[in-house]
There are 2 protein chains.
Amino acid sequence: MPTVALDETDAEILELLIEDASRSYREIADRVGLTAPTVSERVERMRELGIVERFTVAVDQSMLATQDARLVEVQLAPGDAGTLADELRDVDVVEHVIRTESGRVLAHVHAGEPEVRRLFADLLEGRDVLSYDVGGVVESSWNPDLRRGEFAISCVECGKEVDDDGLSLEIDDRRYFVCCESCEELFRERYAELQEGAEG
Amino acid sequence: MPTVALDETDAEILELLIEDASRSYREIADRVGLTAPTVSERVERMRELGIVERFTVAVDQSMLATQDARLVEVQLAPGDAGTLADELRDVDVVEHVIRTESGRVLAHVHAGEPEVRRLFADLLEGRDVLSYDVGGVVESSWNPDLRRGEFAISCVECGKEVDDDGLSLEIDDRRYFVCCESCEELFRERYAELQEGAEG
DNA sequence: CCTGAAAGCTCTACAGC
DNA sequence: GCTGTAGAGCTTTCAGG
């Protein structure tokens, strides 16, 4: 496992890649004042950490005849919302999921009205649903950008910045970062309890 | 201007790139049964057409300490919603905008509560706002994928599939496709009227 | 943690069909 | 519209600081 801390140079590299991932590492290296091999290695590290999820292509689906999407808005009792969002994330007609503090879950779904209704009939079964609405999407745009207040990984347990003493945990196919061993222990306990709660 | 029609092979290439844009053109060529130069040329064409908007990197911002985003939900009188969505698209703290048939506009905004309130105070000024709500985003995920019902460009005027007789228009920095010259003429008239309406 | 050089691949003309 | 080839340029490994 590579080093866990991130620095300003990593942030600059990410910004350049978000803007245009077809840039060469040499061009990026020139801009950030390094050489190509170093940039390559830093990107590789961020990929392993999961900060960089994937290299991809943004497609303007609005130009295609295919476009047939729905916006689904669900208001749940707050505790329930996290698991719904997790389940939606794995459905592949679901492009975008947003969950808010107040237990709202929004999903941008590429499917016709009946398919969407069927999907959500299953997903909402047994949940405490306060409201539920499906509407046709006319237009949607995506504008990727890096928002760098403090550019650092935060500890899932205490929220503090994770530095080189930090640890990276991989549990049930998801990665979590903690700043130290005591946070690791606390997090593992908390996680086990959450799991029991979800299953019980 | 290149040919306007798209075929199944273009769709396959796009799918492979969406999944992983760091693949080499040779690998893609092998999978779709072509050679690297042809794939390169097809991708270049789709870029020029605007189907491929950009090569980029998806970053898991939830791991970063930076995360501080709001979901803004606005319900407008239906006619008004398009122009609000257009204005939001150009604000760079706005990551995602979705507009529905019923005049709802949702925006995923990377900024604190006061900044968001200030931004929308300006944007909503003078509009017919039926409801307006701001909530803190806890989690958001993006899952790019190509939904290929009929994979073809559709005419902005008549909705029919655009083939090699089609035309590509660039008006006010946005690209539009029409299937034939009569649709072009009708669209230009309609566009001019819309512009007058918006300004008047 | 970085550089510099070197080997191996990848991209993209271009000529030919 | 596609292929094959060939040169330029890119990535990545590795020795060295």
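# Notebook: the A/B interface and two DNA strands

I began with the charged pairs and found that the count between chain B and chain A is six salt bridges. I note at the outset that this is a predicted model, and I keep that in mind for each entry below. As one example of such a pair, I looked up B:E73 and A:R104, whose side chains meet in a salt bridge with 2.7 Å from N to O.

I then turned to polar contacts across the interface of chain B and chain A, where the rule finds 29 residue pairs, both partners being at pLDDT 80 or more. On the side of chain B that touches chain A, I asked which element gives the largest share, and I found strand β1 of chain B, residues 52-59, with eight residues. Sorting that side of chain B by class, I obtained 32 nonpolar, 16 polar and 20 charged residues.

Next I looked up the extent of the interface. I found 68 residues of chain B in contact with 68 residues of chain A, and the area buried between the two chains comes to about 6,500 Å², with carbon and sulfur atoms giving 52% of it. Within chain B, the residues that lose the most area to chain A are B:M63, B:E139 and B:R147, which together make up 12% of what that side buries.

I also checked for strand pairing between the chains, and I found that strand β3 of chain A (residues 94-100) and strand β5 of chain B (residues 129-142) run antiparallel and are joined by five bridges. Within this pairing I noted A:V97, which stands opposite B:S141 in β5 of chain B.

I moved on to DNA strand C and listed what surrounds it. From chain A I wrote down A:L34, A:T35, A:P37, A:T38 and A:R42, and from chain B the residues B:S24, B:Y25, B:R26, B:A36, B:P37 and B:S40. These residues of the surface near DNA strand C divide into five nonpolar, four polar and two charged. The elements that each supply at least two residues of this surface are α3 (36-49) of chain A together with α2 (25-32) and α3 (36-49) of chain B.

Which part of DNA strand C lies within 4 Å of the protein, sugar or phosphate on one hand or bases on the other? I found that 75% of those atoms belong to sugar or phosphate, and the rest to bases. Looking at phosphate oxygens of DNA strand C, I recorded a polar side-chain atom of A:T35 at 2.7 Å, an N or O atom in the side chain of A:T38 at 3.0 Å, and a polar side-chain atom of B:S40 at 3.1 Å.

I repeated the search for DNA strand D. The residues around it include A:S24, A:Y25, A:R26 and A:S40 from chain A, and B:T3, B:L34, B:T35 and B:R42 from chain B. By class, I counted five nonpolar, five polar and two charged residues on the surface near DNA strand D, and the elements that each supply at least two of its residues are α2 (25-32) and α3 of chain A together with α3 of chain B.

Of the atoms of DNA strand D within 4 Å of the protein, I found 74% in sugar or phosphate, with the rest in bases. For phosphate oxygens of this strand, I recorded distances of 2.9 Å to a polar side-chain atom of A:S40, 2.8 Å to an N or O atom in the side chain of B:T35, and 2.7 Å to an N or O atom in the side chain of B:R42.

Methods:
Residues are numbered from 1 along each chain as its sequence is written. Chains are lettered from A and ligands numbered from 1 in the order in which they are written. This is a predicted model: local features need pLDDT of at least 70, side-chain atom pairs count only at pLDDT 80 or more; totals for chains, interfaces and linings use all residues. Side-chain values use heavy atoms; hydrogens and water are left out. Contact means heavy atoms within 4.5 Å. Buried area is the accessible area (1.4 Å probe) that two parts lose on being put together, summed over both. A salt bridge is a side-chain nitrogen of Lys or Arg within 4 Å of a carboxyl oxygen of Asp or Glu. A polar contact is a pair of N or O atoms within 3.5 Å; within protein, one must be able to donate a hydrogen and the other to accept it, and residues adjacent in sequence count only if both atoms are side-chain atoms. Helices (H or I, at least four residues) and strands (E, at least two) are DSSP runs, numbered from the N terminus. Ala, Val, Leu, Ile, Met, Phe, Trp, Tyr, Cys and Pro count as nonpolar, Asp, Glu, Lys and Arg as charged, and the others, Gly among them, as polar. Two strands pair if DSSP finds at least two bridges between them. A residue is near a molecule or strand if one of its heavy atoms lies within 4 Å of it.
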